[in-house]
Amino acid sequence: RAMAKATANGIEIEYDEFGAKDAPAVLMIMGLGAQLVRWPMVLVDALVARGYRVIRYDNRDVGLSTKCDSAGTPNFALMAVSHILRRPIRAPYTLTDMAADAAGLLDALGIERAHVVGASMGGMIAQLFAAHWPERTLSLTSIMSTTGNPALPGASLQAMGILLRRPRGNDLEAIVAHGVKAAKVVGGSFPEDDRLMAERYRDEIVRNHHPSGFVRQMAAILADGDRRTRLKTIAAPTVVIHGADDPLIPAEGGRDTAAAIPGARLVEIPGMGHTLPPEVIPTVVAAFESVARPRLARAA
């Protein structure tokens, strides 16, 4: 396992990679405030076993990548009001800037083209990567994401509440407890052990905790607006994966994404919420491979 930093798009990006260097690359882009370690290793291992080179990375403003604190922290309440009133939102950087980070990371690693996989906000970034860098996109897998269409239903009140009521200060156990509670609220019907969830969140917080980066990333999401016109330009083979029971980004977001991207395939997973539990990984891998179609012989 290689963990390293690359200079890309004028910032430092922390990444790790698995699999043979000459295998088809899979670039995995995580969601809002989430570090590269949020990608389950069972998914990474399954892709490596099928002959891929898997690269996970921390987006700017999260994990061990460059933080954008010099840009200041937007006022969350004002952003929310502007969003509701459909007024322009000024963000320190855009989702397209974050997609350019992904392109810069591929440059730094000497990778010409990749299968691009994104979850939640990472799905939005992956969509923009496929729209702006079509020649570098072998396939697009957009997981539990959406289009920015203002007509779509929003998060449930409970899911939005847990997302916005983040603990103040640096009390590790309070932050961990909130993370476990949030995972239960946004998760679907697959049970997960509280102790294991707490261990995972504790490891993430110890690795890095940067609440102001979460706010700037949220600003980038809100400022990006409706992506449907851009999505219609995507030419890469695309699969859209969504949990049928997602309370944070309802399934209509996935359906709208699939409808906007020419030829996109939609895979809805019963019982899946806004997490990637072990039970859904085989379905996710099969959906990914339905558009990736590697020429390498697949591992048994």
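A salt bridge is a side-chain nitrogen of Lys or Arg within 4 Å of a carboxyl oxygen of Asp or Glu. Keep that in mind, because side chains of opposite charge can pair when their charged atoms come close. What you see above is a predicted model, and it holds 19 salt bridges.

Before the pairs, the overall picture. The protein chain has eleven helices and eight strands. Its C-alpha trace spans about 50 × 40 × 40 Å along the principal axes. A compact globule of 300 residues would have a radius of gyration near 19 Å, and this chain has 18 Å, so the two agree. Of the 300 residues, 56% are buried. Take the contacts between residues at least 6 apart in sequence: 77% of them join residues at least 24 apart.

Now the charges. There are 33 positive and 31 negative side chains in the protein chain. The centres of these two sets lie 4 Å apart.

I will go through three salt bridges. The first joins Arg56 and Asp16, with the closest N and O atoms 2.7 Å apart. Arg56 sits in strand S4 and Asp16 in strand S2, so the pair ties together parts that are 40 residues apart in sequence. Are these two buried or exposed? Arg56 has a relative accessible area of 1%, so it is buried. Asp16 is at 0%, so it also counts as buried.

The second is Arg38 with Glu204, at 2.8 Å between the closest N and O atoms. Arg38 is in the loop between strand S3 and helix H1, Glu204 is in helix H7, and 166 residues separate them. Arg38 is partly exposed at 31% relative accessibility, whereas Glu204 is buried at 4%.

The third is Arg207 with Asp58, at 3.0 Å from N to O. Arg207 belongs to helix H7, while Asp58 is in the loop between S4 and helix H2, 149 residues away. Arg207 has a relative accessible area of 19%; buried means under 20%, so Arg207 counts as buried. Asp58 is buried at 0%.

There is also a network of salt bridges linking Glu17, Lys21 and Arg53.

Last, two backbone details. Which residues have a positive phi without being glycine? Asn9 is one of them, with a phi of about 55°, and Ser120 is another, with phi near 60°. Asn9 lies in the loop between strands S1 and S2 and is partly exposed at 40% relative accessibility. Ser120 lies in the loop between strand S5 and helix H4 and is buried, with a relative accessible area of 11%.

Conventions:
Residues are numbered from 1 along each chain as its sequence is written. This is a predicted model: local features need pLDDT of at least 70, side-chain atom pairs count only at pLDDT 80 or more; totals for chains, interfaces and linings use all residues. Side-chain values use heavy atoms; hydrogens and water are left out. Helices (H or I, at least four residues) and strands (E, at least two) are DSSP runs, numbered from the N terminus. The radius of gyration is taken over C-alpha atoms; the globule rule is 2.2 Å times the number of residues to the power 0.38. Buried means under 20% relative accessible area, exposed over 50%, partly exposed in between (1.4 Å probe, protein chains only). Contact means heavy atoms within 4.5 Å. Lys and Arg count as positive and Asp and Glu as negative; His and the chain ends are not counted. The place of a charge is taken as NZ of Lys, CZ of Arg, CG of Asp or CD of Glu.
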